[in-house]
There are 2 protein chains.
Amino acid sequence: MATGESRQPERPWGPAEVREVLRKRGLRYSRPRRVILGYLSEQDRHVSAEGLYLALRQRGDDLSLSTVYLNLRVLAEAGLVREFDGANGEALYDSNPSEHYHVVCPETGEVRDVTLPWVNGQPLASFLKEYVERETGWEIDEPHVSLTGRAPAARADGVD
Amino acid sequence: MATGESRQPERPWGPAEVREVLRKRGLRYSRPRRVILGYLSEQDRHVSAEGLYLALRQRGDDLSLSTVYLNLRVLAEAGLVREFDGANGEALYDSNPSEHYHVVCPETGEVRDVTLPWVNGQPLASFLKEYVERETGWEIDEPHVSLTGRAPAARADGVD
DNA sequence: GTCTCTGCAAAGGTTTTGCAGTAAC
DNA sequence: GTTACTGCAAAACCTTTGCAGAGAC
């Protein structure tokens with residue numbers, strides 16, 4: 001048995017846990033952070049910094065663009081959101097807490113979540129990390145796997 | 001047996017093969033392309049567009065920076081050089097023809113080549129590609145695996 | 001001769017920075 | 001009360017673009 005896909009939009013952490021995670025890093029649970037985490041976990045979508053900025057604006061949750069950028073990065077470093085590369089050289093974010101990766105279609109911009117297979121009894125990413133650590137003697141971070149491809153829609157359009 | 005590391009600085013292709021590869025794409029074997037490929041295959045190092053620009057300049061091979069950028073991309077698309085993400089959000093290039101990946105240390109900027117293991121009788125990248133294609137129904141490109149970590153040197157420095 | 005390429009400078013787009021006021025703790 | 005954070009605008013950054021002249025085929 002290899003795959004274990006599950007993509008529930010379950011809420012990652014409650015406010016208390018979030019606050020605790022932030023506190024441990026000397027970070028505060030400010031309004032922007034509440035608003036951003038709230039949006040991401042409710043919408044369960046993939047957004048860019050600017051997209052998030054605009055979406056929040058429409059909602060009435062006004063944050064400055066630089067605040068959105070700053071906090072998206074801070075929250076990603078704290079492990080509260082996931083960051084990955086979108087279609088136009090822009091970073092995308094989601095707050096899905098389950099281990100997953102993304103496939104991006106450069107033509108349509110569409111993003112699809114994927115769960116990677118297990119290898120040798122462990123998630124592919126961990127397997128890879130340990131392998132590279134043995135191989136190089138370096139202390140390796142969680143591997144980033146970035147996948148691009150053509151969505152069925154793009155192929156149907158006859159785009160080459 | 002899984003690994004098969006070998007990092008010979010063997011010259012990828014001779015001038016004739018390069019010209020042929022380019023011709024097939026309607027591309028010309030211009031001086032900038034000769035110079036860039038020559039440098040990369042001789043030095044067998046990882047360089048950024050700007051680094052390459054400066055290195056060539058010192059050598060007396062003057063190319064404009066935009067020409068370097070353009071051709072690095074063109075050559076990467078033609079499969080004549082490999083492109084990957086360096087430490088500062090800049091793209092790095094090498095001309096090593098053998099299937100390999102890179103580990104980058106964000107602190108020192110150091111880059112180390114790695115050969116990824118095989119899984120189920122095929123290179124990890126192919127395995128992953130096929131897996132994701134089955135899983136999503138998308139037509140997936142060659143997966144990009146990007147690895148970061150702390151080089152022994154960085155750890156020795158006591159950098160946290 | 002044709003068609004791609006070069007070089008220059010200027011623009012592009014995303015992300016970061018500096019600083020004074022504000023708010024979390 | 002401290003200390004981190006916000007917001008604004010301006011800047012920084014890598015990379016791309018437009019166009020006239022040059023060079024590969």
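The following exchange goes through how two protein chains sit against each other and against two DNA strands in a predicted model.

Biologist: What kind of model is this, and how are its residues and chains labelled?

Modeller: This is a predicted model, in which local features need pLDDT of at least 70, side-chain atom pairs count only at pLDDT 80 or more, and totals for chains, interfaces and linings use all residues. Side-chain values use heavy atoms, with hydrogens and water left out, while residues are numbered from 1 along each chain as its sequence is written, and chains are lettered from A and ligands numbered from 1 in the order in which they are written.

Biologist: Which relation links chain A to chain B?

Modeller: Copies are superposed by least squares on the C-alpha atoms of residues with pLDDT of at least 70 in both. Chain A is brought onto chain B by a rotation of 179° with 0.0 Å of shift along its axis, at an RMSD of 0.2 Å. That is the relation of a two-fold axis.

Biologist: Which residue of chain A has the C-alpha nearest the axis?

Modeller: The axis in question belongs to the rotation of 179° that superposes chain A on chain B. In chain A, the C-alpha nearest that axis lies 2.3 Å from it and belongs to Val145(A).

Biologist: Do the copies meet through the same surface or through different ones, and what share of the interface residues of chain A tells us?

Modeller: Contact here means heavy atoms within 4.5 Å. The copies meet through the same surface, because the interface residues of chain A that are also interface residues in chain B amount to 100%.

Biologist: Are α5(A) and α5(B) roughly parallel or roughly antiparallel?

Modeller: Helices (H or I, at least four residues) and strands (E, at least two) are DSSP runs numbered from the N terminus; axes are lines fitted to C-alpha atoms, for helices over the stretch in contact, and angles run from 0 to 180 degrees between N-to-C directions. Angles under 35 degrees count as roughly parallel, over 145 as roughly antiparallel, 65 to 115 as roughly perpendicular and the rest as oblique. The axes of the two helices, residues 124-136 in each chain, come within 13 Å and cross at roughly 175°. That crossing makes α5(A) and α5(B) roughly antiparallel.

Biologist: Which residues meet where α5(A) touches α5(B), and how many of the residues in this contact are nonpolar?

Modeller: From α5(A), Leu124(A), Phe127(A) and Leu128(A) meet Leu124(B), Phe127(B) and Leu128(B) of α5(B). Ala, Val, Leu, Ile, Met, Phe, Trp, Tyr, Cys and Pro count as nonpolar, Asp, Glu, Lys and Arg as charged, and the others, Gly among them, as polar. By these classes the contact has no polar and no charged residues, and the nonpolar ones number 6.

Biologist: Which element gives the largest share of the surface near DNA strand D?

Modeller: A residue is near a strand if one of its heavy atoms lies within 4 Å of it, and among the 23 residues around DNA strand D, Arg28(A), Ser30(A), Pro32(A), Arg33(A) and Arg28(B) come nearest. A polar contact is a pair of N or O atoms within 3.5 Å, and phosphate oxygens of this strand lie 2.9 Å from side-chain N or O atoms of Thr67(A) and 2.9 Å from a polar side-chain atom of Tyr69(B). Two or more residues each come from α2 (31-43) and α4 (65-77) of chain A and from α1 (15-24) and α4 (65-77) of chain B. The largest share, 4 residues, comes from α4(A).

Biologist: Which element gives the largest share of the surface near DNA strand C?

Modeller: Around DNA strand C there are 23 residues, of which Arg28(B), Ser30(B), Pro32(B), Arg33(B) and Thr67(B) come nearest. A polar side-chain atom of Ser30(B) lies 2.7 Å from a phosphate oxygen of the strand, and a backbone N or O atom of Tyr29(A) lies 3.1 Å from a phosphate oxygen. The largest share of the surface, 4 residues, comes from α4(B).

Key: A polar contact is a pair of N or O atoms within 3.5 Å; within protein, one must be able to donate a hydrogen and the other to accept it, and residues adjacent in sequence count only if both atoms are side-chain atoms.
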